Amino acid sequence: MKEEGKGKKEEGTKKKEEGRRKKEQRKRNKEEVEIFTLFPSFHLPISPSPSPPLPLSPSPSFPRIIAGVDEVGRGALFGPVVAAACILPDEVLEELVSCGVRDSKQLSAAARSRLAVKIRAVAVDCQIGVASVREIDRLNILQASLLAMKRAILKLNVAPDLCLVDGNQRIPNLSIDQETMIKGDSRSIQIAAASIVAKVWRDELILRMAVKYPEYDLTNNKGYGTAKHKLALERCGVSVFHRVSFSPCRK
């Protein structure tokens, strides 16, 4: 009788634990839908479609179509990794350089916001790709970053002939020609533009999420592992948008 009672108790404990896991999963799914459906674009205008459409292959009349691709948020503890793919017309490249387009890390937040609007206004096409926290934890941050970049490229309404990819890692299973470029955001105006757009988009997302998670000081750290953020993790534990595969977030 004792063994039977013990077995029923263990079974009840397992059912409670399974119920708790399912409840947490439902909460996580609901919050991801809230973030990525209600706030898809923020204040950035949608790039207009070119008219007439550009051809998919280079010709004497139409030069090769090049997309710059970059990601942001790779080292953060909180939130998704975000990528942008950007195609710019040749005639605006010098103008963008003179306006200050360069590696987003070298710009102030105000300058990035101003330039992101400018880039989206003049771009042939510019799209965002995201890899979620769950994908980061499941795949690892490198593969999730490449996935976000691939998604940004595949969302482009104009198919590029070549993708310039920041870093030294090629995007797996991409049918479009690609060229990796170490420190590409300092060497390519297309990559620099993509880095600015991605950074502004992600920062805007984190600022909105900061309203719901004020304890982590996201307004100031944008999800990165500052001392105040790590202290909050020790005191409050992780949220559903923390990357539990990253050591500071592990329980």
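Which residues are exposed on the other side of α9? In this predicted model, the residues in question are A227, K228, E234 and R235, and they make a useful starting point for reading the helix as a whole. The buried residues of α9, which spans residues 227–236, are H229, A232 and L233. These three cover an arc of only 105° around the axis, which puts them on the same side of α9. The buried residues of α9 pack against α8, the helix formed by residues 218–221, and α9 is followed by G237, whose phi is positive, near 80°.

From this helix one can step back to the chain, whose secondary structure comes to nine helices and five strands. Read along the sequence, these elements follow the pattern α-β-β-α-α-β-α-α-β-β-α-α-α-α. The five strands form an open sheet in the order β3-β2-β1-β4-β5, with mixed pairing. Its edge strands are β3 (125–131) and β5 (177–181), each of which pairs on one side only, and neighbouring strands of the sheet are turned by 20° against each other on average, with direction ignored.

Within the sheet, strand β1 (residues 66–72) and strand β4 (residues 162–166) run parallel and are joined by four bridges; here G68 of the chain stands opposite L164 in β4. Helix α7 (residues 189–212) packs on the sheet, where it touches β1, β2 (81–87), β3, β4 and β5, and its direction makes about 40° with that of β1.

The interior can be followed from the same helix. In soluble globular proteins, nonpolar side chains tend to be buried together. The largest nonpolar core of this model has 66 residues, of which C86, L88, V101, I119, I153, C163 and I196 touch the most other members, and α7 gives the most to this core, with 13 residues. One residue to inspect is I196, which, leaving aside residues up to four places away in sequence, touches V101, R102, S104, L107, R112, L115, A116 and I119.

Taken over the chain, 47% of the 251 residues count as buried. Among contacts with a separation of 6 or more, 67% are accounted for by residues 24 or more positions apart. The chain exposes about 13500 Å², and carbon and sulfur atoms supply 54% of that area.

How values were computed:
Residues numbered from 1 in each chain as written. Predicted model: local features only at pLDDT ≥ 70, side-chain atom pairs only at ≥ 80, totals over all residues. Heavy atoms only, no water. Pairing = 2+ DSSP bridges. Helix = DSSP H or I, 4+ residues; strand = E, 2+ residues; numbered from the N terminus. Axes fitted to C-alpha atoms, helices over the stretch in contact; angles between N-to-C directions. Contact = heavy atoms within 4.5 Å. Buried < 20%, exposed > 50% of the residue type's maximum accessible area, 1.4 Å probe, protein only. Areas by Shrake-Rupley, 256 points an atom, 1.4 Å probe, with all protein chains shown as cover. Core = buried A, V, L, I, M, F, W, Y, C linked by side-chain atoms within 4.5 Å. Arc of directions from axis to C-beta.
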